[in-house]
Amino acid sequence: MNENRDTQLSPRLLDIKKEIEGYARGFGLEFYETIFEVLGYDEINMVAAYGGFPNRYPHWRFGMEYEQLSKGYEYGLSKIYEMVINNNPSYAYLLESNMDVDQKLVMAHVFGHVDFFKNNFSFRHTNRKMMDEMANHATRVRRIIDKVGLEPVETFVDRSLSLENLIDQHSPHIKRRGEKNDDEDKPIEVRGFKADREYMQGFINPREFLDEQRKKLEEERAAKKKFPERPQRDVLLFILENAPLERWEGEILSLMREEAYYFAPQGQTKIMNEGWASFWHSKIMTEKALKDSEIIDYADHHSGTMGTRPGAINPYKLGIELWRHIEERWNKGRFGKEWDECDDLRARRAWDKKLGLGRQKIFEVRKHYNDITFIDEFLTAEFAVEQKLFVYGFNEKGNRWEILDREFQKVKRKLLQQLTNFGQPIIEVVDGNFENRGELLLAHRHDGVDLRIDYAKDTLVNLQAMWRRPVAIVTRVDGKGILMRFDGRDHADRKVDY
Amino acid sequence: MPLKIKQDHSRFREIIRGRIKSNLRKYIQKGEMIGKKGKDLITIPVPSIDIPHFRYGHKDQGGVGQGDGEPGTVLAPGAVEGDGHGKAGSGEGQHALEVDLSLDELAEILGEELALPRIQNKGKKNLVTPKVKYSGVHTTGPESLRHFKRTYKQALKRSIASGTYNPVVPIVVPTREDKRYRSWRVQEMPQSNAVVIYMMDVSGSMGDEQKEIVRIESFWIDTWLRANYKGLETRYIIHDAVAREVDRETFFHTRESGGTMISSAYKLCKEMMDSDYDTGSWNIYPFHFSDGDNWSADDTRTCVNLLKTEILTKVNQFAYGQVESPYGSGQFIKDLREAFDGVENVALSEISNKDAIYNSIKDFLGKGS
């Protein structure tokens, strides 16, 4: 480890870092080298607005984030405590004006995050040199701006942002497309079963059978001519490969897509990741690092982070409680067939096999799960009751939000639904040559909740500007199939079966 | 060294102000100007631009929450986030701008945001009354002003740090150094009185949405004037073809169906001023809201005359806000504009929807008279 790179830390903070890092390693956390930088509130707001990176391309939305953060700070409403980048080495930021106890807390928390970044499978395919990559992106965009001007670049970025969520969350882990094979021009050759003797041929492969086989092969080939072959979730990639973009437009779209994929796993593991970091800062602080005089301030700030509001899930709180719940269950042996089949409430409450497997289990879970599988597997009925979880919904009559239900199954289903695809609708490209006129057709996989129509129409406008030909999307509104189309000038809706 | 992001920031401000990129204007969200109800919880407007995505209509979506309450319990306004889409940033603090603010602080922020001038008082200009305001915490002071919570926290910290704290017998004895006292500052407040007379058209064409706009706007006007005047009085007049004085509750919830005679309200306003508010010592602010559909041109002439001869001479400022409605012709503001072009203490504003409230407040209060 290179000590010189910590120049920004004062000797005292450096001592604190060493101390906390020692505790973290002692507990078995395993992380990249982590570089802390001390920033003033203005700088930290800037870096936060840039999504944690010190250098991004020029765009007004970073200015918007910055305004929200700095106003929040100036009015005393919010303050950024920790920020850390998934990178090797990892970078994390400390707010200059924080008390020592806060800096300790932040460091402990950060080591938790970096351990998670390094070990959780979701991050396996992320670029660990993103710090450099982001700076490269910034330079490339600046160069393009010098060439074509700020206005067109900004407009194009606005449009791309409108489509930014149309990526395939799981594609880094799966190979969606096979290698291209070039046998398209060869005539179809039907091979029946192998017949050793010529005279058996008619019996083993009768004519009808061969015809059927031929038909199947022809269909397969026709499907291949479809474009795309099967529905494609990565709409951005489809546009990138098939839309008539200018060179610079393609360059910008592709780097924005790359950034979207970089950030995606953080969205997929928000609850686990924040929970994991909080679990460890709490453990490190209360068991090792806290001095007596710091307890009250620590408790104050810790509880501030864990606070809940009725209308939202606090990922820090839900996460830390679930991790603790898992650790306790595996420590006491509350799992497996015997436990599942036990209906005696009293026995369940007193259940303790003293297995002590908790620590081992949570390290295993932090490696192989993401938020969805984490909630699906470990959110139990007992936990939901203990944490007072509920489902809420909108009461049209009263024009207000209300608690609807506390039933475990419903809570869990809703929570999982919110997490699926980031709580965003699933949209795919189904036809890049719709009605044989080069139009683009998307489909919304309807799962019970309608799209927001005005936004969908405006998004179509942005999509059309890239595709140049008319674009359309099929979805369901109030239970009826509908196709919304924008041809560059007018919107048109028509009923379809969907 | 100026920060790199300042460029992005000023670009964003320009878009918000509508100077550039007008195609983004419709996505600007002002943030709810008033998330009030309950004690002093205020949502502060921070404008943001919401780029359109394919996403769920959030009203039928709902979600999962955490906390007490039986099914059917209503969640407080502002408790549910406006949209459900998670942010793909690295872990940073939340920035939902919601906080306990006193109305004074709110007015200050409002003044800063809108660059409102402080109001020039008239009336007893030289009379100044000292006002005591508790504004801080000191280590010394009289026992009667001891700040219990802060003292306790200090004592608890000390006893834990020094190891005398016993969780089983959690007795904490504050020493002299632990004690904290409220401290005050004397502020000189000009003694002056102000009255706001709200008038609203409640004829059939003013719908719920129009009234909501008036309600929000009047809340901000109240807040600002209250911060400038001690002892602000408010009076409410509603009118269709006839006018009457009502209480606040009725003011915002009455719906009539008659025609509209604006002069009736102005007459009542004048009588009210004559009988209750001596112009020498009162600052008077009449605000009138309507959808701009008056009964006849004759009546409009009567209104203009009333304003010219009776009302404008006595008030600090007369303000007229025209709320756009699908029914009204909106002629009235044009007539007023013609009649009072260049007159100092008349403020006219057209409010087309909730988002326009922000600018309208500036129209009304930006003059500082």
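In this predicted model, A:Tyr392 finds its bridge partner across the chain boundary, at B:Gly63 in β4(B). Close by in the description comes a second pairing of this kind, with A:Val391 standing opposite B:Val64 of β4(B). Both belong to the antiparallel pairing of strand β4 of chain A (residues 389-395) with β4(B), which runs over four bridges. Helix α19 of chain A (residues 408-419) packs on the sheet to which these strands belong, where it touches β4 and β5 of chain A as well as β4 of chain B. The direction of helix α19 makes about 120° with that of β4(B).

The sheet itself is open and has three strands, in the order β5(A)-β4(A)-β4(B), with antiparallel pairing. At its edges stand β5 of chain A (400-405) and β4 of chain B (63-66); each has a single partner strand, so one side of each is left without a neighbour in the sheet. Neighbouring strands are turned against each other by 50° on average, direction ignored.

The contact between the two chains can also be described by its residues. Chain A gives 82 residues to the contact, and chain B gives 59. On the side of chain A that touches chain B, the largest share comes from helix α3 of chain A (residues 60-74), with 10 residues. That side of chain A is made up of 41 nonpolar, 21 polar and 20 charged residues.

Elsewhere in chain A, strand β3 (residues 90-95) offers a view of the interior. Six of its six residues are buried, so β3 is largely enclosed by the rest of the structure. In a regular strand, side chains alternate between the two faces of the sheet. Both faces of β3(A) are covered, with A:Ser90, A:Ala92 and A:Leu94 buried on one side and A:Tyr91, A:Tyr93 and A:Leu95 buried on the other.

Two of these residues also help to place β3(A) among its partner strands. A:Ala92 is the bridge partner of A:Phe36, and strand β1 of chain A (residues 34-39) pairs with β3(A) in the parallel sense over six bridges. A:Tyr93, in turn, is the bridge partner of A:Met83. Here the pairing is antiparallel: strand β2 of chain A (residues 83-85) meets β3(A) over three bridges, and the two strands form a hairpin with four residues between them.

Chain B, finally, is assigned three domains: domain 1 (1-51), domain 2 (129-188) and domain 3 (191-365). The C-alpha centres of domain 2 and domain 3 of chain B lie 49 Å apart.

Methods. Residues numbered from 1 in each chain as written. Chains lettered and ligands numbered in written order. Predicted model: local features only at pLDDT ≥ 70, side-chain atom pairs only at ≥ 80, totals over all residues. Buried ≥ 20, exposed ≤ 12 C-beta atoms within 10 Å, placed from the backbone. Pairing = 2+ DSSP bridges. Domains from an automatic or database assignment. Axes fitted to C-alpha atoms, helices over the stretch in contact; angles between N-to-C directions. Contact = placed C-beta atoms within 7 Å. Nonpolar A, V, L, I, M, F, W, Y, C, P; charged D, E, K, R; others polar.
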